[in-house]
Amino acid sequence: MVSINSIKKGIVIDHIKAGYGIKIYNYLGLDKVDFTVALIKNAVSDKRDKKDIIKIENVMDMDFTVLGLIDPNLTINIIEDEVIKEKIKLKIPERVDDVIKCKNPRCITSVEKYITHTFFLVDEERGQYRCQYCDEIYTFPEL
C-alpha cells in the first residue's frame, strides 16, 4: 500500500479550486505516467471552502503559464526528502503564447500557420485575453 500523506521527492500542487484538479491532472497527462500520483478532490481548506490537491511522487517539467491560466491561485510545492524545498505561488499570466488559439477566421494566425498565437491579459478579474493580431477577446475557461 502506498501512503499519500507525504512524498519523498516530487511535486505537490495545492490550493487548486475544487473541481479543477481533474483539469490539471488531464493537462499534465498524469493518467499515462508509471509513478505514484494522488488526486485529492474536495479536501477541507482554510482559504476556500474546498480544494483539490495533486501529489506527484516524481519530478517533472510543467508549464506554469498554463497552470496559472487554469487556476492562478494554486501553489506548487517542490518536495525533497519529504520537506518543502521550494514554494511557487502562481498568478494569472500577462501573456500567453501558443496556448490559446485564435478562432477568428480573419486573423492572420488562421491563414499563416507558422505565426505564434499570442494573447495579452486585458481583464484579470474576468480572465479575458486579447489576440495580439486581430484584437479578438477570449475569456478563460471558455477557451
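# A walk through a two-domain chain

Start small: select S45, which sits in the loop between β2 and β3. You're looking at a predicted model, so keep that in mind as you click around. Is S45 buried or exposed? It counts as buried because its relative accessible area is 11%, and the cut-off for buried is under 20%. Now show what S45 touches. Leaving out neighbours within four places in sequence, S45 is in contact with K50 and K51.

**Zoom out to the whole chain**

Show the full chain as a cartoon. The protein chain has three helices and nine strands. Follow the cartoon from the start and you'll read off the pattern β-α-β-β-α-β-β-β-α-β-β-β. Along its principal axes, the C-alpha trace spans about 55 × 30 × 25 Å. If you colour by burial, 41% of the 143 residues come out as buried. Contacts reach along the sequence too: of those between residues at least 6 apart, 56% join residues at least 24 apart.

Next, give two colours to the two parts. Domain 1 takes in 10-89, and domain 2 takes in 95-139. How far apart do the C-alpha centres of domain 1 and domain 2 lie? The answer is 27 Å.

**The five-stranded sheet**

Select the strands β1 to β5. They form an open sheet in the order β2-β3-β1-β4-β5, and the pairing is antiparallel. Look at the two ends of that order. β2 (37-44) and β5 are the edge strands, and each has a single partner, so one side of each has no neighbour in the sheet. Turn the view to look across the strands: on average, neighbouring strands of this sheet are turned by 20° against each other, direction ignored.

Now pick out β1 and β4. This pair is antiparallel and is joined by six bridges. Click I11 and you'll find I78 of β4 standing opposite. Stay on I78 and look toward β5: there, the bridge partner of I78 is E86. β4 and β5 (residues 83-89) also run antiparallel, and six bridges join them. Between these two strands is a hairpin with two residues in the turn, where D81 takes a positive phi near 50°.

**Into the core**

Time to show side chains. The largest nonpolar core has 19 residues, and I13, I24, I54 and I76 touch the most other members. Which elements give two or more residues to this core? They are β1 (9-17), α1 (21-27), β3 (50-56), α2 (64-70) and β4 (75-80).

Select I54 for a closer look. Not counting residues up to four places away in sequence, I54 touches I11, V12, I13, I16, G21, I24, Y25, L30, V37, A38 and L39. You've already met I11, the residue opposite I78.

Apart from this core there's another one, made of 11 residues. Select L69, C102, Y129 and C131 to see some of its members.

**Crossing over at L90**

Now select L90, in the loop between β5 and β6 (95-97). Why does L90 count as buried? L90 has a relative accessible area of 13%, and buried means under 20%. Show the contacts of L90 and you get F64, L67, G68, P72, L74 and I76, again skipping residues up to four places away in sequence. I76 should ring a bell, since it was among the residues touching the most other members of the largest core.

Try a distance next. L90 and V111 are 21 residues apart along the chain, and their C-alpha atoms are separated by 34 Å.

**The second sheet**

Move on to residues 95-140. An unreviewed UniProt entry annotates them as "domain: Aspartate carbamoyltransferase regulatory subunit C-terminal". This span is 9% helix and 35% strand, and its end C-alpha atoms lie 13 Å apart.

Select β6 to β9 and you'll see an open sheet of four strands, ordered β6-β7-β8-β9 with antiparallel pairing. Which strands stand at the edges? They are β6 and β9 (137-139), each with a single partner strand, so one side of each is left without a neighbour in the sheet. From one strand to the next, the twist averages 35°.

For the last stop, zoom in on β6 and β7 (residues 118-123). The two run antiparallel, with three bridges between them. Click D97, and T118 in β7 stands opposite.

Notes: Residues are numbered from 1 along each chain as its sequence is written. This is a predicted model: local features need pLDDT of at least 70, side-chain atom pairs count only at pLDDT 80 or more; totals for chains, interfaces and linings use all residues. Side-chain values use heavy atoms; hydrogens and water are left out. A nonpolar core is a set of buried Ala, Val, Leu, Ile, Met, Phe, Trp, Tyr and Cys residues joined through side-chain atoms within 4.5 Å. Buried means under 20% relative accessible area, exposed over 50%, partly exposed in between (1.4 Å probe, protein chains only). Contact means heavy atoms within 4.5 Å. UniProt positions are given in the numbering used here, feature names are shortened, and annotations may be inferred rather than shown by experiment. Domain bounds come from an automatic or database domain assignment. Two strands pair if DSSP finds at least two bridges between them. Axes are lines fitted to C-alpha atoms, for helices over the stretch in contact, and angles run from 0 to 180 degrees between N-to-C directions.
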